[in-house]
Amino acid sequence: MSNGGAYLEVSGLCKSYGVDEARVEVLKGIDVSLEKGEVCVLLGPSGSGKSTFLNIVGGLEPADAGRIRVGDMVITDLAASELVEYRRRELGFVFQFYNLVPDLTVTENIEVCQCLSDDPLPMDGLLKSLGLWEHRRKFPHEISGGQQQRCAIGRALVKNPGLLLCDEPTGALDYHTSKEILELMEQVNRDYGCTIVIVTHNDAIKHMAHRILRLRDGQLVANELNPSVLPARELTW
């Protein structure tokens with residue numbers, strides 16, 4: 001974990017949906033600061049605001065109030081066209097469902113995002129580090145769910161992003177495959193140094209994180225550092 005200071009700063013973040021009697025406050029003044037290279041796990045029950053937080057940090061939804069800085073960009077001040085450039089240059093997204101293009105091979109699915117970057121990661125090395133080298137010419141229907149998620153992670157990583165946002169990345173996987181994917185995420189953090197935010201309702205995932213955040217009813221109720229995290233450590237489930 002870097003000592004270079006805050007890379008992601010979120011201050012007073014608020015978001016609501018609906019109007020009048022139907023208005024629901026989803027995020028209520030969230031303050032978070034992450035260093036470059038931190039792995040942060042955001043925990044909370046369904047409806048606590050986790051995915052909304054991720055979508056706003058990812059520039060997919062506007063905030064009602066608050067300020068978000070990523071690196072040297074204050075993304076809450078960006079116009080729509082500038083947000084597109086922010087997502088292209090700075091972000092990688094990993095979702096619960098892989099959203100792979102069925103008619104493209106593993107390599108081609110990753111190459112879709114490679115062209116978005118001015119400084120992409122080398123494809124051969126990425127495929128090997130993800131355990132996909134021998135599957136590189138296969139189509140999504142020819143590989144397992146865990147391998148498909150590895151491909152989705154590769155698609156997010158190939159841009160060499162500073163920030164990797166993961167929304168329930170193991171939600172569609174079984175226990176064994178989920179553990180493999182989380183170990184892969186730890187390896188990704190070690191190898192590429194990107195800051196990772198993982199949204200989940202699975203409390204076991206906290207063991208891989210440098211920082212553990214907990215949301216409840218739109219409020220940040222815990223912000224804890226995890227001193228037990230080591231660079232090369234097996235997950236404790």
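In strand 10 of this predicted model, Glu-224 is the bridge partner of Ile-212. The two strands involved, strand 9 (residues 211-216) and strand 10, run antiparallel to one another and are joined over six bridges. Two residues lie between the strands of this hairpin, and Asp-217 adopts a positive phi near 50° there.

The hairpin belongs to a wider arrangement. Six strands make up an open sheet with mixed pairing, and their order is 6-7-8-3-9-10. Strand 6 (91-95) and strand 10 (219-225) form the edges, each pairing on one side only. On average, and with direction ignored, neighbouring strands of the sheet are turned by 15° against each other. As a reminder for reading the sheet, strands pair through backbone hydrogen bonds, in either the parallel or the antiparallel sense.

At the edge formed by strand 6, the pairing is with strand 7 (residues 163-167), in the parallel sense and over five bridges. Here Val-94 stands opposite Cys-166 of strand 7. Helix 2 (residues 80-90) packs on the sheet and touches both strand 6 and strand 7, with a direction about 80° from that of strand 6.

Turning to charged side chains, the model holds eight salt bridges. Side chains of opposite charge can pair when their charged atoms come close. One such pair is Arg-69 with Glu-9, whose closest N and O atoms are 3.0 Å apart. This contact links distant parts of the chain, with Arg-69 in strand 4 (residues 65-70) and Glu-9 in strand 1 (residues 6-17), 60 residues apart. Arg-69 has a relative accessible area of 17% and is therefore buried, under the 20% cut-off. Glu-9, by contrast, is partly exposed at 27%.

Strand 1 also contributes Lys-15, whose side chain meets that of Asp-64 in a salt bridge of 4.0 Å, N to O. Asp-64 sits in the loop between helix 1 (50-57) and strand 4, and the two partners are 49 residues apart. Lys-15 is buried, with a relative accessible area of 8%, whereas Asp-64 is partly exposed at 44%.

A further salt bridge brings together the side chains of Asp-203 and Lys-206, at 3.2 Å from N to O. Asp-203 is partly exposed, with a relative accessible area of 33%, and Lys-206 is likewise partly exposed, at 22%. Finally, Glu-85, Arg-88, Arg-89 and Asp-118 are joined into one network by salt bridges that share partners.

Definitions and conventions. Residues are numbered from 1 along each chain as its sequence is written. This is a predicted model: local features need pLDDT of at least 70, side-chain atom pairs count only at pLDDT 80 or more; totals for chains, interfaces and linings use all residues. Side-chain values use heavy atoms; hydrogens and water are left out. Two strands pair if DSSP finds at least two bridges between them. Helices (H or I, at least four residues) and strands (E, at least two) are DSSP runs, numbered from the N terminus. Axes are lines fitted to C-alpha atoms, for helices over the stretch in contact, and angles run from 0 to 180 degrees between N-to-C directions. Contact means heavy atoms within 4.5 Å. Buried means under 20% relative accessible area, exposed over 50%, partly exposed in between (1.4 Å probe, protein chains only).
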